Amino acid sequence: MNYSTLEGDRPQITDLLRGKLSEFSIDRLFRFLNALGSDVEIRAIAKPESDAMAKTRAIAI
């Protein structure tokens, strides 16, 4: 994987690789994914009535 395509200094890239995602805006994370060759898709679906709470999840394919 070529991390040189990401905009950011070395400490920021290290934070990203260590999973410190709260340091970045959603927009910035999407731009990182796009720079690495991934499309980003956001999809909202109705919560099943049987679930007590709605969920947020990310799935990498």
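## A walk through the structure

Let's start with a pair of charged residues: Asp51 and Lys55 join their side chains in a salt bridge, with 3.4 Å from N to O. Keep in mind as we go that this is a predicted model. The two partners sit differently with respect to the surface. Asp51 has a relative accessible area of 23%, so it is partly exposed, while Lys55, with 66%, is exposed.

How many salt bridges does a search of the whole structure find? There are 3 of them. Another one links Arg31 to Asp27, and here the N to O distance is 3.1 Å. Both of these residues belong to helix H2, and because they are 4 residues apart, about one helical turn separates them. Neither side chain is hidden away: Arg31 has 40% relative accessibility, which makes it partly exposed, and Asp27 counts as partly exposed too, with 48%. Then there is the bridge between Asp15 and Lys20, whose closest N and O atoms are 4.0 Å apart. Asp15 is partly exposed at 21% relative accessibility. That is just past the cut-off, because buried means under 20%. Lys20 is partly exposed as well, with a relative accessible area of 40%.

Now let's move inside. Which residues make up the largest nonpolar core? It has 6 residues: Leu6, Ile13, Leu16, Phe24, Leu29 and Phe32. Two elements give two or more residues each to this core, namely helix H1, which spans 10–17, and helix H2, which spans 26–35. This kind of grouping fits a broader pattern: in soluble globular proteins, nonpolar side chains tend to be buried together.

Leu6 is a good place to look at the core up close. You'll find it in the segment before H1, and its relative accessible area of 7% means that it is buried. Setting aside neighbours within four places in sequence, Leu6 is in contact with Ile13, Leu16, Phe32, Ala35 and Leu36. Among these contacts, Ile13, Leu16 and Phe32 are fellow members of the core. Leu29, another core residue, touches Leu16, Leu21 and Phe24, again without counting residues up to four places away in sequence.

Stay with H2 for a moment. Which of its residues are buried? They are Arg28, Leu29 and Phe32. These three lie on the same side of H2, because they cover an arc of only 100 degrees around the axis. As for what lies over them, the cover of the buried residues of H2 includes H1.

One name in that trio carries a charge-bearing side chain of the kind we met in the salt bridges: Arg28, which lies in helix H2. Is Arg28 buried or exposed? With 18% relative accessibility, it counts as buried, and the reason is simply that buried means under 20%. Once neighbours within four places in sequence are left aside, Arg28 is in contact with Glu7, Gly8 and Gln12.

Helix H2 also has a residue that takes part in a nonpolar patch on the surface. That residue is Leu33, which lies in H2 and is partly exposed, at 38% relative accessibility. Which residues form the patch? Leu33, Val40 and Ile42 do, and together they have about 270 Å² of accessible area. Val40 comes from the segment after H2, and with 32% relative accessibility it counts as partly exposed. Leu33 touches Val40 directly, along with Ser38, when residues up to four places away in sequence are not counted.

Leu33 also gives us a way back to where the core began. Along the chain, Leu33 and Leu6 are 27 residues apart, yet 8.9 Å separates their C-alpha atoms. So a surface patch member and a core member are brought to that distance in space: Leu33 is partly exposed at 38% relative accessibility, and Leu6 is buried at 7%.

Finally, take a look at what comes after H2. The helix is followed by Gly37, and the phi of Gly37 is positive, near 90 degrees. Further along in the segment after H2 you come to Val40, one of the three residues of the surface patch.

How values were computed
Residues numbered from 1 in each chain as written. Predicted model: local features only at pLDDT ≥ 70, side-chain atom pairs only at ≥ 80, totals over all residues. Heavy atoms only, no water. Core = buried A, V, L, I, M, F, W, Y, C linked by side-chain atoms within 4.5 Å. Buried < 20%, exposed > 50% of the residue type's maximum accessible area, 1.4 Å probe, protein only. Contact = heavy atoms within 4.5 Å. Arc of directions from axis to C-beta. Patch = residues over 30% accessible without salt bridge, like charges linked within 9 Å, V, L, I, M, F, W, Y side chains within 5 Å. Areas by Shrake-Rupley, 256 points an atom, 1.4 Å probe, with all protein chains shown as cover.
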